[in-house]
Amino acid sequence: MQFYLDGYRPGDPFVEPADPAVADRPPGIPETVDVLIVGCGPAGLVLAAQLAEFPDVHTMIVDRRDGPLEVGQADGVACRTVEMFEAFGLADQLVHEGYQVNEVAFWRPDPAEGSSIVRTGRIDDVEEGLSEMPHMIVNQARMLTYLREHMVRSASRAEPYYGLHLTDVRVDADPDADYPVTVDLAHLRDSEPTGETSTVRARYVVGCDGSRSSTREAIGRRLVGDVANSSWGVLDVLAVTDFPDIRLKSVVHSEQGSILIIPREGGYLVRLYIELDNLRDAEMLRERSVTPEKLTAVANRILHPYSIDVRSVGWWAVYEIGQRLCDRFDDVPEAELDTRLPRVFIAGDACHTHSAKAGQGMNVSMADAWNLGWKLGTVLRGTSQPEILRTYSTERQAVAQELIDFDREFAALFSARPDGGTDPDPGRFQRYFRDQGRFTAGVAVRYGPSCLTAATGHQDLATGFEVGTRFHSAPVIRLADAKPMHLGHAARADGAWRLYAFADRAHPGEAGSRLRELATFLASEKSPLGRFTPPGADPDSVIDVRAVFQQGHRDLGVDDLPPVLLPRKGRFGLVDYEKAFCPDPASDVFDLRGVDRDAGCVVLVRPDQYVAHVLPLDAHDELGAFLAGTLQEVAAPAH
């Protein structure tokens, strides 16, 4: 983390000075905003946290609740989500507080005595090398707190408005209107209307308001799919039990039903996802008379011969969610896709719902928001072309469809009733769980070709940085201070593209160095840095150039680096020394990620950490042409 660029300040360096634009905004509900976000759940707050990195963009987030969520709801934090939180500077806090899922235990009916259960296996929760980040369990309310605190510390000083419910959204027919979206908000107190209303006009609106989304209804979208014919209870409990794997994530299938056991943070709390039987539990489901005591009784029925004595309940609920999906995630009709740009978007449960057992809901919702957030921020700032907003629905709807397909099969296998120990393939679910590990870790997403993601013609130059997938970090040594670190952790959620130049074998001071030739091009008048960086902005604010050399960190000096890797920034013109890296001798990034040592390559990475392109070091024109398809060209100065 870098700070003090524009002057030393006493106190907490992670609290940024408030942007002057924020101080000029009057208190109360604004009449106009750049982005209005509806909903303070995971999607809404990730979107707000990303837009808080753009203090010149006026963002407002509203929620119908009276205040922040305090307990309950989702708790599984996939590896990819922890990677994302690292970009916000929040991963350390998350990992320190949460429960780390290391292994998963599987239990099935005892072949010798079907009414009892036995452990049938244990596997690693995440395969080796999949991510540098672990799979964590943290209460959703705490995740949201991290994000709100990040917003308050940012230069935007962003905070939610509570007690406001969206009642209508109207989009102006004039595409050139300054604030084409009009939103009506009803004021609530204790979830009841007060009779007071407000109207806000916005450039863009994003509905992150859950499966009953008012935003979705207002733009005429609807969730389509199946309602699950099964119900599940969920309990967060402090309990005493003789079940031996209570502090391991455990999947229990018995003749009496199924339970997913999720140990929680703090060493004592545990979450139980309890399958409710449509026959044995029909009465309490029909009469809606479910209680924590009744759910505990079902848990004991399933866990026999083990038992669980619940001493305290922190939170509980009953849910029945099918697999449902919207056909598009914005307000543009199918017939107008080529002629109209979106103004209203939906994200998270507003556009896809599914079961909670695979732990994907919160994670996929947050990924929706990060995908959209940097696009809105850079379009409004004027550094990206507005057309990139079309890619949000295309990219994320495809991911949601994959999730729906996965969840349908996962839920069916999870609820499949074992046959008294005579199942011919009792290990089927365990194998499926293992085989789908990349998906549940959140790292299986692959975006197709678009203005933001190129074709794979040069993929052989870096086989481990697959175009369209997330940039898979690896250990490196930072040249200037010999700090061991992860390459991907140098990137922040600041809306900048990353250009990682993996050097050829030559020393960067040699005349034949391809890396040196690239650096010369990037410093020239034809460079994308000059073409797409606004006047007065820091040279890495739009395209952040970093290099990874093959020489060891003691075999190169800072004085060997070309000027583009020592950019001058801020009002004092200070030198940024953190742009150059060397291999970690124990885990060489060139070997780990299949980078061609003779040729080297450029790996271009989007602001949301997905690989946009892999190119030869000397493909200067191709690099510029690709970026010209997404970034806004800076007007040449008048002579």
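I take helices (H or I, at least four residues) and strands (E, at least two) as DSSP runs, numbered from the N terminus. On that footing I placed Thr-630 in the segment after helix H16 (620-628).

I note that this is a predicted model, in which local features need pLDDT of at least 70 and side-chain atom pairs count only at pLDDT 80 or more, while totals for chains, interfaces and linings use all residues. Residues are numbered from 1 along each chain as its sequence is written, and side-chain values use heavy atoms, with hydrogens and water left out.

Entry, whole chain. I counted 16 helices and 29 strands in the chain. The radius of gyration, taken over C-alpha atoms against a globule rule of 2.2 Å times the number of residues to the power 0.38, is 26 Å, close to the 26 Å that the rule gives for 639 residues, so the chain is as compact as a globular protein of that length. Along the principal axes, the C-alpha atoms fill a box of roughly 80 × 60 × 55 Å. I then looked at contacts (heavy atoms within 4.5 Å), and found that, of those between residues at least 6 apart in sequence, 72% join residues at least 24 apart.

Entry, burial. I call a residue buried under 20% relative accessible area, exposed over 50% and partly exposed in between (1.4 Å probe, protein chains only). By this cut-off, 54% of the 639 residues are buried.

Entry, Thr-630. Is this residue buried or exposed? I found Thr-630 buried, at 0% relative accessibility. Leaving aside residues up to four places away in sequence, Thr-630 touches Ser-384, Gln-385, Ile-388, Cys-451, Leu-452 and Trp-497.

Entry, helix H3. I went through residues 79-87 and found H3 mostly covered, with nine of its nine residues buried; among them are Arg-80, Glu-83 and Glu-86, alongside Val-82, Met-84 and Phe-85. What do the buried residues of H3 pack against? I listed helix H2 (42-51), strand S3 (76-77), helix H4 (91-97), strand S7 (135-137), helix H5 (140-153) and helix H9 (361-381). Just after H3, I noted that Gly-89 takes a positive phi of about 75 degrees.

Entry, Asp-12. I located Asp-12 in the segment before helix H1 (20-23), where Asp-12 is partly exposed with a relative accessible area of 41%. The side chain of Asp-12 reaches the backbone nitrogen of Phe-14 at 2.9 Å. I also checked Arg-153, which is 141 residues from Asp-12 along the chain, and found their C-alpha atoms separated by 9.7 Å.

How values were computed: A polar contact is a pair of N or O atoms within 3.5 Å; within protein, one must be able to donate a hydrogen and the other to accept it, and residues adjacent in sequence count only if both atoms are side-chain atoms.
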